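Thank you all for making the time this morning. I would like to walk through one model with you, going from its strands to its helices and then to how the parts meet.

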Amino acid sequence: MAKRIQFSAHGGPEVLEYVDYTPAEPGPQQVRVRNEAIGLNFIDTYFRSGLYAPPALPSGLGAEGAGVVDAVGSEVTQFKVGDRVAYGSGPLGAYSQLHVLPAANLVHLPDEISFEQAAGAMLKGLTVQYLLRQTYAVKAGETILFHAAAGGVGSLACQWAKALGVKLIGTVSSPEKAALAKSLGAWETIDYSKENVAQRVLELTDGKKVPVVYDGVGKDTWLTSLDSVAPRGLVVSFGNASGAVDGVNLGILSAKGSLYVTRPTLATYANNPHNLQAMADDLFSMIKSGKVRIDINQRYALADAAKAQTELSGRRTTGSTILLP
């Protein structure tokens, strides 16, 4: 027997249950991982609330973790029992002591990277990797806008952008978060609770606006993002922290300056083991070099996952949050 978090109905954090369960034996191409640390992410709340549909109910939760291989399927050749591994792309069920997942979803974890670092960095770090290096490959000297710059993804983006010589303007909700973002490498910050973001972007860029806006907030920042990007620029809408963007009239892209919009997901970029390991190696090299630091600012016992999600949704967390089984 092992422990896991599951939910049998959609709703708030109160629907999460800490239960005993019997982990499955790995299938031919699967691996069972004994989690040492588990990542907490906004997407977890989307599945819990019903914004995203899990395959079935009751359902496990969470898609990110790091640990040691506990068992391997008969056809698995790239991993063996005892290997240090990490994952950030599911399937659901990472909020558990033991998690069975396809070998194709795992990466080898270097000894220099701790389990806590990996659990706090895989999903967010791989997200930043594809955002800054693939969706729009930022170049030294460019100025970009990144919403929620003190959050889990934003705090890594601040560091990675600075390492690439990019001026990142980050939106934040308080002076404390502004100071944090600046300390991590943000060029400038804008407090959206009391400043007009689009107007400040205009001022900071001498009227040019930015070539790309990275928006993981969603509904609340959609129009602000459109107003902050330069003509023929790109809005990268990669998350729904404030709710989904819906009811979009494509004509607004014309009115705002022949804009481009993309709604990327990690799964499309890390779509095979080779791409996934290459992206992870890029992330791990940034961590090992010291250019990107993983700040685990909140730690909760696995049993306290509901409390952890409440704090995350209330925007009362900074950096990365992990669960310890």
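Let me begin with a single pair of residues, Ala2 and Tyr21, where Ala2 stands opposite Tyr21 of strand S2. Before I go on, please keep in mind that this is a predicted model, in which local features need pLDDT of at least 70 and side-chain atom pairs count only at pLDDT 80 or more, while totals for chains, interfaces and linings use all residues. Residues are numbered from 1 along each chain as its sequence is written, and side-chain values use heavy atoms, with hydrogens and water left out.

That pair belongs to the place where strand S1, residues 2–7, is joined to S2 by six bridges, the two strands running antiparallel. When I say helix or strand, I mean DSSP runs numbered from the N terminus, helices being H or I of at least four residues and strands being E of at least two. Two strands are said to pair if DSSP finds at least two bridges between them. On those terms, three strands form an open sheet in the order S2-S1-S4, with antiparallel pairing. Its edge strands, each pairing on one side only, are S2 at 16–21 and S4 at 59–60. Just ahead of that, the loop between H1 and S4 holds Pro58, and the peptide bond from Leu57 to Pro58 is cis, with omega near -5°.

Further along, strand S5, residues 65–72, runs antiparallel to strand S6, residues 84–87, and four bridges join them, with Ala66 having Ala86 as its bridge partner in S6. S6 is also joined to strand S8, residues 106–108, by three bridges, again antiparallel, and there the partner of Val85 is His108.

Which strands make up the parallel sheet, and in what order do they come? Six strands form this open sheet, in the order S11-S10-S9-S12-S13-S14. S11 at 188–191 and S14 at 260–262 are the edge strands, each of them pairing on one side only. Neighbouring strands are turned by 20° against each other on average, direction ignored; for axes I use lines fitted to C-alpha atoms, for helices over the stretch in contact, and angles run from 0 to 180 degrees between N-to-C directions. Towards one edge, strand S13, residues 229–237, pairs with S14 in the parallel sense over three bridges, and Val236 stands opposite Thr262 of S14.

Two helices lie across strands of this sheet. Helix H4, residues 175–184, lies across S10 and S11 and runs at about 165° to S11, whereas H5 lies across S9, S10, S11 and S12 and runs at about 155° to S11. In the loop between H5 and strand S12 we find Asp206, whose phi is near 55°, a positive value in a residue other than glycine.

Now to the helix pairs, starting with helix H2, residues 115–135. The axes of H2 and helix H3, residues 152–163, come within 9 Å and cross at roughly 50°, which makes H2 oblique to H3; angles under 35 degrees count as roughly parallel, over 145 as roughly antiparallel, 65 to 115 as roughly perpendicular, and the rest as oblique. Contact here means heavy atoms within 4.5 Å, and among the residues making it are Lys124, Val128 and Leu132 of H2 together with Val153, Leu156 and Trp160 of H3.

Val153, in helix H3, touches Lys124, Thr127, Val128, Phe146 and Phe238, not counting residues up to four places away in sequence. Val153 and Gly319 are 166 residues apart in sequence, yet 7.7 Å apart in space, C-alpha to C-alpha.

H2 also meets helix H9, residues 273–289, their axes coming within 9 Å and crossing at roughly 105°, so the two are roughly perpendicular to each other. The residues that meet include Leu126 and Tyr130 in H2 and Leu283 and Phe284 in H9.

How, finally, is the chain divided into domains? Domain 1 covers 2–122 + 270–323 and domain 2 covers 136–263, with the bounds coming from an automatic or database domain assignment. Their C-alpha centres lie 27 Å apart, and 16 residues of domain 1 are in contact with 20 residues of domain 2.
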